[in-house]
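Dear colleague,

I am passing on the structure shown here, together with some notes on what came out of going through it. Please look at the sequence and the model before reading on.

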Amino acid sequence: MLQKTNRQTLVEQVALQMENMIESGKWSVGMRIPAEPELMAELNVSRNTLREAIRALIHAGLLKTKQGDGTYVCSSSALGVVLKKRVLRSDTLQTLEVRYALEREGAHLAAQRRTDDEARELLLQLERCEKAAESGNIDRFVTADIRLHQRIIHASHNEILIELYSHIAEALHDSITSITRYEVDADFVEMHRQLVEAIVAQDGDRAVAAVHRYILESKEIIAGKEGERP
């Protein structure tokens, strides 16, 4: 619960408590935060103090205001905002290298730690990816692909890795789209099947090898397309 504050660095205290509500998940991404009168009463602060704290969190990228509708949570942590911005400023090859580092370790840990329920969910999400690829709907495939990798990372049961990956997942959308706009061939989809089947079989080495193959192919696709530019 939010707590009443003392008078020392009041705006910072209010902003910190609100940030804690966001990072703890009590205020989830997409949620509209309580109205000003409710927050003022709960925190025992003035409207001006509250608004300054909200402005600070908007500037940090945690909140956003919709005119005439209220203030909404738009990121689960300040770290997430920084990571998203950094990924968006990076070129596709650099992003692939970061993906390789995270997804390789995530796949290896998932193969060791996945539960039976997680194994079933991975197979279901893989099926969604394959159907999206067959349909030729690139946007649908990219969404399904990101969700598959998020499921794999979640199965690693490493909270720091899960948090890091969740923060950059949204920014990865553009990177993956830039690759799949070129092609989503059967081999690329098959590599994802090999990855999931290796995790289900709890074969960490095979899972890591699958990650290496699809990242390498992605790099070759990007390098080939860049080489075609005049």
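The notes below go from the chain as a whole to one cavity, then to the cysteines and to one glutamine.

Please keep in mind throughout that this is a predicted model. The chain has 230 residues, of which 41% are buried, and it holds 10 helices and 2 strands. Read from the N terminus on, three helices come before the two strands, and the elements after the strands are helices. Among the contacts between residues at least 6 apart in sequence, 69% join residues that are at least 24 apart.

Rolling a probe the size of a water molecule over the atoms shows where empty space is left. A search of the whole structure for cavities of 30 Å³ or more finds 2, and the one I looked at in detail is the second largest, which holds about 40 Å³ of space. Which helices line this second cavity with at least two residues each? They are α6 (116-135), α7 (138-154) and α9 (186-200). The lining residues of the second largest cavity are Leu126, Cys129, Glu130, Phe141, Asp145, Leu148, Phe188, Val189 and His192, and by class this lining is made up of 6 nonpolar, 1 polar and 2 charged residues.

One of these lining residues, Cys129, leads on to the cysteines. A disulfide is a covalent bond between the sulfur atoms of two cysteines, and the count of disulfides in this model comes to 0. Is Cys129 buried or exposed? With a relative accessibility of 2%, Cys129 counts as buried, because the cut-off for buried is under 20%. Cys74, on the other hand, has a relative accessibility of 26% and therefore counts as partly exposed, since that value lies between the cut-offs of 20% and 50%.

The last residue I would point out is Gln125, which is placed in helix α6, a helix that also contributes to the lining of the second largest cavity. Gln125 has a relative accessibility of 4% and so counts as buried. What does the side chain of Gln125 make a polar contact with? Its partner is the side chain of Arg128, at 2.7 Å, and a polar atom of the Gln125 side chain also lies 3.1 Å from the backbone oxygen of Ala144. When neighbours within four places in sequence are left aside, Gln125 is in contact with Ala144, Arg147 and Leu148, and Leu148 is itself one of the residues that line the second largest cavity.

With best regards

Notes:
Residues are numbered from 1 along each chain as its sequence is written. This is a predicted model: local features need pLDDT of at least 70, side-chain atom pairs count only at pLDDT 80 or more; totals for chains, interfaces and linings use all residues. Side-chain values use heavy atoms; hydrogens and water are left out. On a 1 Å grid over the protein atoms alone, a cavity is a set of points where a 1.4 Å probe fits but cannot get out, and a pocket is an open set with protein on both sides within 12 Å along at least five of seven lines; lining residues have an atom within 4 Å of a point. Grid points are joined across faces, edges and corners, and a volume is the space filled by probe spheres set on the points. Helices (H or I, at least four residues) and strands (E, at least two) are DSSP runs, numbered from the N terminus. Ala, Val, Leu, Ile, Met, Phe, Trp, Tyr, Cys and Pro count as nonpolar, Asp, Glu, Lys and Arg as charged, and the others, Gly among them, as polar. A disulfide is a pair of cysteine sulfur atoms within 2.5 Å. Buried means under 20% relative accessible area, exposed over 50%, partly exposed in between (1.4 Å probe, protein chains only). A polar contact is a pair of N or O atoms within 3.5 Å; within protein, one must be able to donate a hydrogen and the other to accept it, and residues adjacent in sequence count only if both atoms are side-chain atoms. Contact means heavy atoms within 4.5 Å.
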